[in-house]
Amino acid sequence: MSIAGQVLGAAGHDNALLVQINAGQAIYRLLCDCGEVGLAQRPVGELQALDHLLLSHLHMDHISGFDTLFRHSFNRADPPMQVWGPPATAQIMQHRLRGFMWNLQAELRGTWLVHDIGTEMVTAWRFHAEEAFARAHPAGSGLHAGPIIANADFSVTAITLDHLTPSMGYIIRETPRRNIDPARLAALNLLPGAWLQQVKSATPDEAPTLTLAGQTYALAELRAQLLVETPGDTLAYLTDFRLDAPTLARLVPALQGCGTLVCESQFRHADLPLARRAYHLTNRQAAGLARAAGVAELVLIHISERYRPADYPEILAEARAIFPNTRFPVGWV
Ligand SMILES: [Zn+2]
Ligand SMILES: [Zn+2]
């Protein structure tokens with residue numbers, strides 16, 4: 001049970017975050033952004049096994065590596081590839097899907113499901129390879145309230161950030177685990193058995209009581225006494241945005257309990273006017289956010305190419321002066 005994030009792409013170049021959620025019975029793979037981050041050098045099977053592509057926005061440095069991913073999974077039907085991004089993602093993605101000569105598509109079965117995440121609504125569109133992706137089929141829309149993805153193992157929350165265009169931040173949370181406390185079980189003089197599954201189950205009870213060794217117990221009572229909840233990992237990916245006071249006020253509660261915050265730091269704080277103009281963050285702002293939100297660690301990514309490798313130790317030191325547990329991705333320095 002864990003969430004592991006791997007930053008892709010080199011220092012001073014495009015970056016992305018590959019996320020693997022190991023839920024024991026299942027492994028989920030999410031890719032946050034898709035710039036020139038060396039996808040062609042990664043195992044094909046890994047790209048084909050992606051469950052979700054989470055795009056912050058569709059500026060070139062966040063989508064330019066998409067063709068590599070598409071080449072390996074354009075014909076995936078089951079499950080369909082799912083793409084998420086800000087409003088107009090489906091429209092831009094359709095251009096990407098259409099941007100090839102398709103003339104043998106009748107036998108293809110690939111399906112792509114693209115979701116536009118608005119502040120009020122999430123709207124999905126389905127695209128089919130056998131139609132050469134020519135039609136955008138409405139695939140449902142719903143209120144944007146709570147997580148955009150949620151299953152028994154994890155959830156993803158999207159937050160709209162201001163990059164002079166919407167940029168989506170993503171917070172990926174493992175579902176808390178509910179386990180039986182063996183000491184409490186022993187204290188009740190009950191023997192372990194298949195009945196414990198019923199206690200752990202989150203589905204509504206058909207019978208709200210259990211009879212054990214001739215004695216009847218209320219399930220709700222047993223749950224209250226026996227279950228301990230362990231919080232899961234949380235990983236956040238935030239890039240390309242301006243950190244003003246209202247944004248900080250929205251992000252701090254959203255990042256509650258977050259383990260690792262992977263956050264852009266396009267500029268040094270000495271270049272704050274540049275950062276403001278470009279709707280980007282500085283290293284000290286990223287560190288200030290990490291401190292205010294109380295995350296466990298901060299990983300700085302998406303550093304401008306204007307800075308030289310010799311600047312990196314200072315960029316890191318400036319951030320660490322505010323939030324000590326800051327680092328660059330593995331292999332950068
Ligand atoms: Zn951008
Ligand atoms: Zn960018």
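Which residue in strand 5 is the bridge partner of Leu53? In this predicted model, that partner is Val83. The pair belongs to the contact between strand 4 (residues 52–54) and strand 5 (residues 81–85), which run parallel and share three bridges.

**The open sheet**

Strands 4 and 5 are members of an open sheet of eight strands, ordered 1-2-3-4-5-6-7-8, with mixed pairing. At its edges stand strand 1 (2–8) and strand 8 (137–143), each of which pairs on one side only. From one strand to the next, the twist averages 20°.

A helix lies across part of this sheet. Helix 3 (residues 89–98) crosses strand 5, strand 6 (111–117) and strand 7 (121–128). Its direction is at about 150° to that of strand 6.

**Strands 9, 10 and 11**

Further along the chain, strand 9 (residues 149–150) pairs with strand 10 (residues 154–162) in the antiparallel sense, over two bridges. Here Ile149 stands opposite Val156 of strand 10. The two strands make a hairpin, with three residues between them.

Strand 10 also pairs with strand 11 (residues 166–174), again in the antiparallel sense, and nine bridges join these two. Asp162 has Pro166 in strand 11 as its bridge partner. Strand 10 and strand 11 likewise form a hairpin with three residues between them. In that turn, Leu164 has a positive phi of about 70°.

The strand pairs described so far are set out below.

| Strand pair | Sense | Bridges |
|---|---|---|
| Strand 4 and strand 5 | parallel | three bridges |
| Strand 9 and strand 10 | antiparallel | two bridges |
| Strand 10 and strand 11 | antiparallel | nine bridges |

**Helix 7 against helix 9**

The last contact is between two helices. Helix 7 (residues 245–254) packs on helix 9 (residues 283–293) at an angle of about 45°, and their axes are 9 Å apart. The two helices are therefore oblique to each other. The crossing of helix 7 past helix 9 is right-handed.

Which residues meet where helix 7 packs on helix 9? Helix 7 contributes Leu248, Leu251 and Val252, and helix 9 contributes Leu289, Ala292 and Ala293. By class, the residues of this contact are six nonpolar, with no polar and no charged residue.

Definitions and conventions: Residues numbered from 1 in each chain as written. Chains lettered and ligands numbered in written order. Predicted model: local features only at pLDDT ≥ 70, side-chain atom pairs only at ≥ 80, totals over all residues. Axes fitted to C-alpha atoms, helices over the stretch in contact; angles between N-to-C directions. Helix = DSSP H or I, 4+ residues; strand = E, 2+ residues; numbered from the N terminus. Parallel < 35°, antiparallel > 145°, perpendicular 65-115°, else oblique. Left-handed = near helix turned anticlockwise from the far one by under 90°. Contact = placed C-beta atoms within 7 Å. Nonpolar A, V, L, I, M, F, W, Y, C, P; charged D, E, K, R; others polar. Pairing = 2+ DSSP bridges.
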